[in-house]
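Please read the following explanation with the sequence and the three-dimensional view side by side. Each residue named can be located in both.

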Amino acid sequence: MKAVVLGSGGWGTALSRVLCDNGHETYLWSHNPAKAEEMARTRENPLLKGVSLPESLHITGDLSVLEGADMVVCASPSFAVRATGRKAAPYMRPDTILVSVSKGIERDTNLRMSQVLQEETHHICKVVALSGPSHAEEVGIRMPTGCVAACPDRAAARFVQDAFMNDYFRIYTSYDIVGVELSGALKNVIALSCGICTGLGFQDNTKALLMTRAMAEITHLGEQLGGTRRTFGGLAGMGDLIVTCTSMHSRNNRAGILIGQGKSVQEAMDEVGAVVEGYYAAESIHQLAEREGVDMPICRCAYEVLYHGKQVRDVVSELMTRAKKDELLETTWM
Ligand SMILES: NC(=O)c1ccc[n+]([C@@H]2O[C@H](COP(=O)([O-])OP(=O)(O)OC[C@H]3O[C@@H](n4cnc5c(N)ncnc54)[C@H](O)[C@@H]3O)[C@@H](O)[C@H]2O)c1
């Protein structure tokens, strides 16, 4: 099988390695030809330090490698997915499987990444979302990891499962692309919030409270937008929330810690030095929650801190002193 991975960040690179391990003819494309040349020469990617790139991996800045690809993986940061999809579109055929691994919601349109890719490729081929608790740094060194390949078309989801699955990368299939993609985007905002808690000096109880109640919010919005409840408790939902909120590999978590320690949002993003997708997702979630009439107090507070300079100590107090609630809102007492 010929596979082309578009985007040579940490994740695109780690996934390319998996595809090489699985014996596929694999190409890794970088939008920066000089970077592609450098990686091809050194067999290393500075964004994935300590992981050597297999000799069988073709690294290129030339998009024509897309010609005849059976599977194309879009691994751009979410802000660049539309542009990447547009560049790839002329090469897509009805039987090409397009895989979206970016976690975000497009600004302005509030579309999921697979929707953006479908628009740009004129719905010519099937798009599958691959998501789950998966740090590139760990997949790159073959640590046992699990993800979900989601698509309403079962054959397409199974195609992606077969392409990626091996003895260290376990792939489940799901029809619920809406829930899987929303989970991946929304958890970045919670990771930022969790980092803020760490930066403020809060400990395990607070983070468990935040993560669990945030998951209730995510599930509520996700269901409203067409996701399936159980997805949010699965690998792409709770699994990814746990890994992102508890790891220093997460830029969202690291940016949050700096904000909690008193840095401004801009200072924190500059210090992290890479795209902090949770910052952008916070605005999209806020807009979606307003549009759908879903109450999301944690996400709203994160939005107000990130976009309106609200003090973190004030929002913590606001959250803790909200009106009393029943945890299981939808149940009736016996
Ligand atoms: N890193 C992970 O562990 C991981 C895991 C799962 C999913 N993801 C998702 O994968 C996507 C990529 O993340 P990453 O960590 O590999 O990113 P990264 O920050 O490591 O790399 C970003 C890459 O995008 C390139 N880039 C920058 N501007 C671009 C543009 N305008 N057009 C095309 N490419 C451009 C950069 O050169 C760089 O190679 C994100 O949406 C992320 O949420 C990441």
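The paragraphs below treat the sheet, the helices, the ligand and a few single residues in turn.

The structure is a predicted model, and its sheet is a suitable place to begin. Eight strands might be drawn in many orders; which order do the 8 strands of this open sheet follow? The order is β3-β2-β1-β4-β5-β6-β7-β8, and the pairing is mixed. At the two edges lie β3, residues 58-60, and β8, residues 169-174, each of which pairs on one side only. On average, neighbouring strands of the sheet are turned by 25° against each other, with direction ignored.

One pair of strands may be followed in detail. Strand β1 comprises residues 2-6 and strand β2 residues 25-29; the two run parallel and are joined by 5 bridges. Within this pair, valine 4 has tyrosine 27 of β2 as its bridge partner, and valine 5 stands opposite leucine 28 in β2. In a regular strand, side chains alternate between the two faces of the sheet. Strand β2 is mostly covered, with 4 of its 5 residues buried.

Further along the sheet is strand β5, which contains valine 99. Is this residue buried or exposed? Valine 99 has a relative accessible area of 0%, and therefore it is buried. Its contacts, leaving aside neighbours within four places in sequence, are Met71, Val72, Val73, Cys74, Val128, Leu130 and Val160. Valine 99 also illustrates how the fold relates distant parts of the chain: alanine 149 is 50 residues away in sequence, while the two C-alpha atoms are 8.7 Å apart in space. A contrasting pair is proline 77 and glycine 195, which are 118 residues apart in sequence and 21 Å apart from C-alpha to C-alpha. Proline 77 belongs to the loop between β4 and α3. With 34% relative accessibility, proline 77 counts as partly exposed.

The helices come next. Helix α6, residues 154-164, packs on the sheet and touches β4, β5, β6, β7 and β8. The direction of α6 makes about 180° with that of β8. Helix α10 spans residues 235-246, and its buried residues are Ala236, Gly237, Gly239, Asp240, Leu241, Val243, Thr244 and Cys245. An α-helix has 3.6 residues a turn, so residues three or four places apart point the same way. The buried residues of α10 pack against strands β6 and β7 and against helices α7, α8, α9 and α11.

Helix α11 holds asparagine 253. Why does asparagine 253 count as buried? Its relative accessibility is 4%, and this is why it is classed as buried; the limit for that class is under 20%. Not counting residues up to four places away in sequence, asparagine 253 touches nine residues' worth of neighbours that include Thr244 and Cys245, both of which are among the buried residues of α10. Ala191, Leu192, Cys194 and Gly195 are also among the residues that asparagine 253 touches.The ligand forms the next subject. How many residues surround the ligand? There are 21, and the closest are Gly10, Trp11, Ala136, Arg251 and Glu277. Polar atoms of the protein also approach the ligand. A backbone N or O atom of glycine 9 lies 3.4 Å from an oxygen atom of the ligand, and a backbone N or O atom of serine 134 likewise lies 3.4 Å from a ligand oxygen atom. In histidine 31, an N or O atom of the side chain is 3.3 Å from a nitrogen atom of the ligand. On its own the ligand has 830 Å² of accessible area, of which the protein covers 83%.

Two loop residues complete the account. Most residues other than glycine have a negative phi. Asparagine 110, in the loop between β5 and α4, has a positive phi, near 60°. Histidine 123, in the loop between α4 and β6, has a positive phi near 55°. Asparagine 110 counts as buried because its relative accessibility is 15%, whereas histidine 123 counts as exposed because its relative accessibility is 56%.

Key. Residues are numbered from 1 along each chain as its sequence is written. This is a predicted model: local features need pLDDT of at least 70, side-chain atom pairs count only at pLDDT 80 or more; totals for chains, interfaces and linings use all residues. Side-chain values use heavy atoms; hydrogens and water are left out. Two strands pair if DSSP finds at least two bridges between them. Axes are lines fitted to C-alpha atoms, for helices over the stretch in contact, and angles run from 0 to 180 degrees between N-to-C directions. Contact means heavy atoms within 4.5 Å. Buried means under 20% relative accessible area, exposed over 50%, partly exposed in between (1.4 Å probe, protein chains only). A residue is near a molecule or strand if one of its heavy atoms lies within 4 Å of it. A polar contact is a pair of N or O atoms within 3.5 Å; within protein, one must be able to donate a hydrogen and the other to accept it, and residues adjacent in sequence count only if both atoms are side-chain atoms. Accessible areas come from the Shrake-Rupley method with a 1.4 Å probe; for residues, only the protein chains shown count as cover.
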